[in-house]
Amino acid sequence: MGRIHACLLVAALLAAAPVARAVPPAPQPRRVVVGADRDYPPYEFLDEQGEPAGFNVDLTRAIGEVMGLTVEFRFGDWAGIRAGLADGSIDVLQGISWSEERARRLDFAAPHAIVHHAIFVRKDGPRPASLDALAGREVVVFGGGIMDEEITRAGKAARIIRTQTPADALRLLASGQHDCVVLALLPGIYLQRQLGLTNIEPVGEPVRAERYGYAVRKGDRELLARFDEGLAILKQTGRYDAIHARWLGPLEPRPIGWQAVARYAALGALPILVLLGASIAWSRSLRRLVAQRTASLEREVAERERAVAALREHQHQLVQAQKAAAMGVLVSGVAHEINNPAGYILLNVPTLKAAFADAQEVLDARARERELKLAGIPYARMRDEIPQMLDEIAEGGRRIKRIVDDLKDFARRDDAPRLEPMDLGASARAAVRLLEAPIRAATSRFELALAPDLPRVRGNPHRLEQVIVNLLLNACQALPDRDRGLRLSIRHDPAAGEVVLEVRDEGVGIPPEHLARLTDPFFTTKRETGGTGLGLSVSAGIVKEHGGRLEFGSQPGVGTTAALVLPALHEEAAA
């Protein structure tokens, strides 16, 4: 009996003892790769230190914190980021506008913002205030964006120019190219202020409002649900409002309250009524006066129009001649004033360089004794950089002098040009130096190709340089954007005994019916932009004086080639 009690006691003790169980490891946070546009402020962009920043970035980080997600940002151009979502290297896009077309390929979360799109214009240019008003205009859009898709689908514009970033689109408009930009309102305002583009502005009311939020590959509902839940938590806790106020609040227009409207209306009502009464009385008196003057003015205007029509062409030629003469005087005066400080630079830099070389031994000894700084920079670094700085200053002075000399040569009056053996390549290089700024503004793909051992030609360097400048300017004006190329080349054709200079552009081209009239006086296709139709006509006359010829070939939409052909001199004649 005692043995039974002992067994029961042992069994009870065993039943009461805790049993050790295996504890499962804590789940690891899910790693999510988030794709973002590197240049779409204030929503998402890389800051000056190359770090992710913007409304979308702060929102995604906050969602990652509350949902236990490890977030890795992947920034790039918009086309590359969307391709990354498609191939699986990116899990989610944090900022993309919803559309029916996109919803067929992607799953969208609840929108975290409404993005308003507006039309940006130059202050002195056309002002289309709606998408329907874009008909027949050149419209710049952010390539691959929702407005690119919408305007392309609707066929609302005569020509669509796509850029890689919104900033590039606004820069094109501010530089005087194309008619308008259709862009999200807040990024447009942000970039306009950041870049200092004071000559553009949004016109009218926003033309579209788009839902904007997160998107994943079709079928990834689990990840989409976590972002929806995280966004709801942020809105309930007030963190969403704080992030919104930080990034978007300063840019959004603040509505005017009805009290302010009433106050302004009361203040302005009385002066407006007084002005309205005065304007009515003044208008009645003017009507009587206008009625009396209209008949006589109509007769006078008709007579003057006939006289003006006869003198207009002559006056236009006189204005252009006077402008060219005034420009020559200005260039000569400015060149003289620039040459003086350039001379000081070239004269003083060698002396400064020699003085620093003489002082190096003393400075080295001082630096060995204790730490020495020059202009707040350690001497050990400045010891090597000061000679380089002086060399760069001297090279800048020499470059200024070369440009000034080219301007003086180009503006020099030459009533009776003397033809002499000359190097056509030297005139081409001088023309390129003069037009360095317009060429750089027109294209990022300029090429100068001069064949070696070119024979000389008989000519006047200044006049031939004028021809080359005119051909290059025409080519620059034909380029619709900086991605199109421009090439200036010179080659020797031994079989024909000629030297051929070609200016080839990848511009809009020239219609076939206009090719035969390019050198006719006053014929131009650019009269609305200030063209006179005299440039190629004068150039053709200069080339004819030199025994050469101008040849043109063009294909609309592909580009134009202008060739200056001159007889080559034999070695005996050149000597």
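**Exercise 1. Sort the residues that line the largest cavity by class, then place that cavity in the fold.**

Let's begin with the classes: the lining of the largest cavity has 11 nonpolar, 4 polar and 4 charged residues. Here Ala, Val, Leu, Ile, Met, Phe, Trp, Tyr, Cys and Pro count as nonpolar, Asp, Glu, Lys and Arg as charged, and the others, Gly among them, as polar.

A word on the model before going on: it is predicted, so local features need pLDDT of at least 70 and side-chain atom pairs pLDDT 80 or more, while totals for chains, interfaces and linings use all residues. Residues are numbered from 1 along each chain as its sequence is written, and side-chain values use heavy atoms, without hydrogens and water.

Next, the volume: the largest cavity has about 200 Å³. Of its 19 lining residues, Tyr-40, Ser-97, Phe-142, Gly-145 and Ile-146 are the closest to the centre. On a 1 Å grid over the protein atoms alone, a cavity is a set of points where a 1.4 Å probe fits but cannot get out; a pocket is an open set with protein on both sides within 12 Å along at least five of seven lines; lining residues have an atom within 4 Å of a point. Grid points are joined across faces, edges and corners, and a volume is the space filled by probe spheres set on the points.

Last, the elements: strand S6 (92-97), strand S8 (113-122), helix H5 (146-154) and strand S11 (180-184) each supply at least two lining residues. Helices (H or I, at least four residues) and strands (E, at least two) are DSSP runs, numbered from the N terminus.

**Exercise 2. Describe the second largest pocket and the helix H6 that helps to line it.**

Start with the space, about 370 Å³. The lining of this pocket has 14 residues, and Thr-163, Asp-168, Leu-172, Asp-481 and Arg-482 lie nearest its centre. By class, the lining has 3 nonpolar, 5 polar and 6 charged residues. Strand S10 (159-163) and helix H6 (166-174) each supply at least two of them.

Now look at H6 itself: 7 of its 9 residues are buried (buried means under 20% relative accessible area, exposed over 50%, partly exposed in between, with a 1.4 Å probe and protein chains only). Leu-172 is one of these buried residues. After H6 comes Gly-176, with a positive phi near 100 degrees.

**Exercise 3. Locate Gly-68 and state its exposure.**

Gly-68 sits in the loop between helix H2 (55-67) and strand S5 (69-76). Gly-68 counts as partly exposed because its relative accessibility is 35%. Finally, the C-alpha atoms of Gly-68 and Pro-29 are separated by 5.6 Å, with the two residues 39 apart along the chain.
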